[in-house]
Amino acid sequence: MAPLKRRRLAAGAALASLVVVVASAAVSAPAIATTASTPVTVVEKLTGPDAPNNTWGRWDIKATDLGIMWDDGDGHVLTAFGDTFGNSWTGPGGGAPPNGNWRSNVLVRSSDADLSDGMLFDWAAQAPQGVAKEIIPSKKINGDEITVIPTAGISVGDRQYLGFMSVKQWGPPGMWDTNHAGIAYSDDGGANWTVSDTRWENPDGDDPFQMQSYVQKGGTIYVFGTQNGRNGPVSVAKVPAKKLLDKSQYRYWDGRKWSKKEADAAPVIDAPMSEVSVQYDAHSKRFLLMTLSGEDIVLHTAKNPEGPWSPAQTVASSTDYPALYGGYFHPWNKDGEIYFAMSQWNPYNVYLMHMRLDKHGMIVDPNLIVDPSFERSDAVGTGADGTWGAKPNSGIDTAPGGGFTGDRNIFVRYNSGWRDIWQDVAVEPNTSYRLTGFLRTSTNSDNGYFGVRELDGTVLGEAHFVSVGAWTRFTVDVDTGANDQVQVFGGVWTNSGDIWLQLDDVALVRSP
């Protein structure tokens, strides 16, 4: 089979003639990647090489995307991934190499309730040979049905429902055509699925419910939808939870009231919107809507599903995480601690991310590190001017695919003495903070440190490490004492030969 030309997940999609001009939904323009900072932090790589879940070794999930999560009603969280590739995948991005074990979708399960250190998967829907199987079939014929991508999941009683889009063909970046949106269901916990007759056909390419997201409040499921591609607005419908498969029971918000006609559906948030995830948050008493808008993942909030929706808050900037997409809520979020799945086209895998919201639905306690993923600059600075500083023989590693996320990381390397990198960070005195970062070293590394120190070098807290093979997360809790500025650092002693350290995705946030 020829390589799959899968380009819908590259950032910076252009507008296309098939997109219908819509009326204003009275919300602000999306955040701009070139100026926005990223307040959220990386918790764990969920899939692929170096992921603690070992999805590659256990189920041949080496490369995949999305990560639609929902509570199965039986003490578990189910997560559906999109186009998935196995051992022969080399990247970058999605693509089906010969013998790449391409599956249009797969499903895993978790019962992990402590997400602060990651999310453990304990089961996958498997084929007889033990690999994760394709749960909803696709023809894999370009121009007919190239793939079937999950977009939403929910449980009602003992039944699981999975919304999906049937993709006819991929177009330029950010563009694709769908045949229809549909719903599949499972009565055995997700092991096997049946595709229902419930569909939203898309003959003209502008149906507003081709990518759907579900959120239940009381006995009602609210269904949020966008068009195919990444350039449409968000619309919303509602349906009794027990009637999810009965299209006659759907009511569409027309801007003033709920209508029986899908054609009456009006935008509730302006374009461009894509890959929408919605959750009701009891902490802020608001609906949260996360979406890819332009090049960034952003967050809108509202007290009612039909709005009015708040202006966008930047969640993650594509400057820090190039070609990001998705942004799918974990269903067990509570007390303002919000976890979600984020994808990147390169390395075409999924990460667990974290942010904190106040009772007004505003992002608080952001990451204080400037350029946390080392994607904003080709070189190091002084460490005291909003940049990273480094000793000689150190710098930004720009080798493609070299980072834990994205392309870049920072490195130190030498064969004699102490070599470190650092950044000065403004903090609140007498306040507790948590430092996290991902690092790896050469095999001969025997004495390294990652931590926080005063500007005069006095260490406030640090983690000691020796040889670190795969990318590994380190955590350090510190109190700032009387300091209103501290220095985050990572380094190694290099007296035992040529030794190197790589560091990526650094965060300093207020402690929970």
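Okay, one definition before anything else: two strands count as a pair if DSSP finds at least two bridges between them. Keep that in your head, and note that what we have here is a predicted model.

With that in hand, take strand E28, residues 448–453. E28 and E29 are joined by six bridges, and they pair in the antiparallel sense. If you want a spot to click on, Tyr-449 stands opposite His-464 in E29.

Now zoom out a bit from that pair. E28 and E29 belong to an open sheet of five strands, in the order E23-E26-E31-E28-E29, with antiparallel pairing. Which strands stand at the edges? They are E23, at 389–390, and E29, at 459–465; each has a single partner strand, so one side of each is left without a neighbour in the sheet.

Let's step back to the whole chain. There are 32 strands and one helix in it, so to speak a lot of arrows on your screen. The C-alpha atoms fill a box of roughly 70 × 50 × 45 Å along the principal axes. How does the radius of gyration sit with a compact globule? For 512 residues you'd get a value near 24 Å, and the chain has 23 Å, which agrees. As for what's covered up, 59% of the 512 residues count as buried. And if you take contacts between residues at least 6 apart in sequence, 62% of them join residues at least 24 apart.

Next up, the empty space. Rolling a probe the size of a water molecule over the atoms shows where empty space is left.

The cavity comes first. The count is one cavity of 30 Å³ or more, and its volume is about 30 Å³. Its lining is Thr-151, Met-211, Gln-212, Ser-213, Glu-275, Val-276 and Tyr-328. Strands E10 (211–217) and E15 (269–281) are the elements that give two or more residues to that lining, and E10 gives the most, with three. By class, you get three nonpolar, three polar and one charged.

Let's stay with E10 for a moment. Is this strand mostly covered or mostly open? Mostly covered: five of its seven residues are buried. E10 runs antiparallel to strand E11, residues 220–226, and seven bridges join the two. Gln-212, which we just met in the cavity lining, stands opposite Gly-225 in E11. The hairpin of E10 and E11 has two residues between the strands, and there Gly-218 takes a positive phi near 65°.

E10 shows up again in the largest pocket. That pocket holds about 490 Å³ of space. It has 27 lining residues, and Tyr-214, Val-215, Val-278, Gln-279 and Pro-331 lie nearest its centre. Strands E2 (66–71), E6 (147–156), E10, E15 and E19 (324–329) each give two or more residues to the lining. That lining divides into 13 nonpolar, ten polar and four charged residues.

Last stop, the second largest pocket, with about 350 Å³ of space. Of its 22 lining residues, His-354, Arg-356, Arg-434, Arg-473 and Val-509 are closest to the centre. Several strands supply at least two residues each, among them E21 (349–357), E27 (432–441), E30 (472–479) and E32 (499–510). Here the split is nine nonpolar, six polar and seven charged.

That's my tour, thanks for listening!

Methods:
Residues numbered from 1 in each chain as written. Predicted model: local features only at pLDDT ≥ 70, side-chain atom pairs only at ≥ 80, totals over all residues. Heavy atoms only, no water. Helix = DSSP H or I, 4+ residues; strand = E, 2+ residues; numbered from the N terminus. 1 Å grid on protein atoms, 1.4 Å probe; cavity = no way out; pocket = protein on both sides within 12 Å on 5 of 7 lines; lining within 4 Å. Points joined across faces, edges and corners; volume = space filled by probe spheres on them. Nonpolar A, V, L, I, M, F, W, Y, C, P; charged D, E, K, R; others polar. Buried < 20%, exposed > 50% of the residue type's maximum accessible area, 1.4 Å probe, protein only. Rg over C-alpha atoms; globule rule 2.2 N^0.38 Å. Contact = heavy atoms within 4.5 Å.
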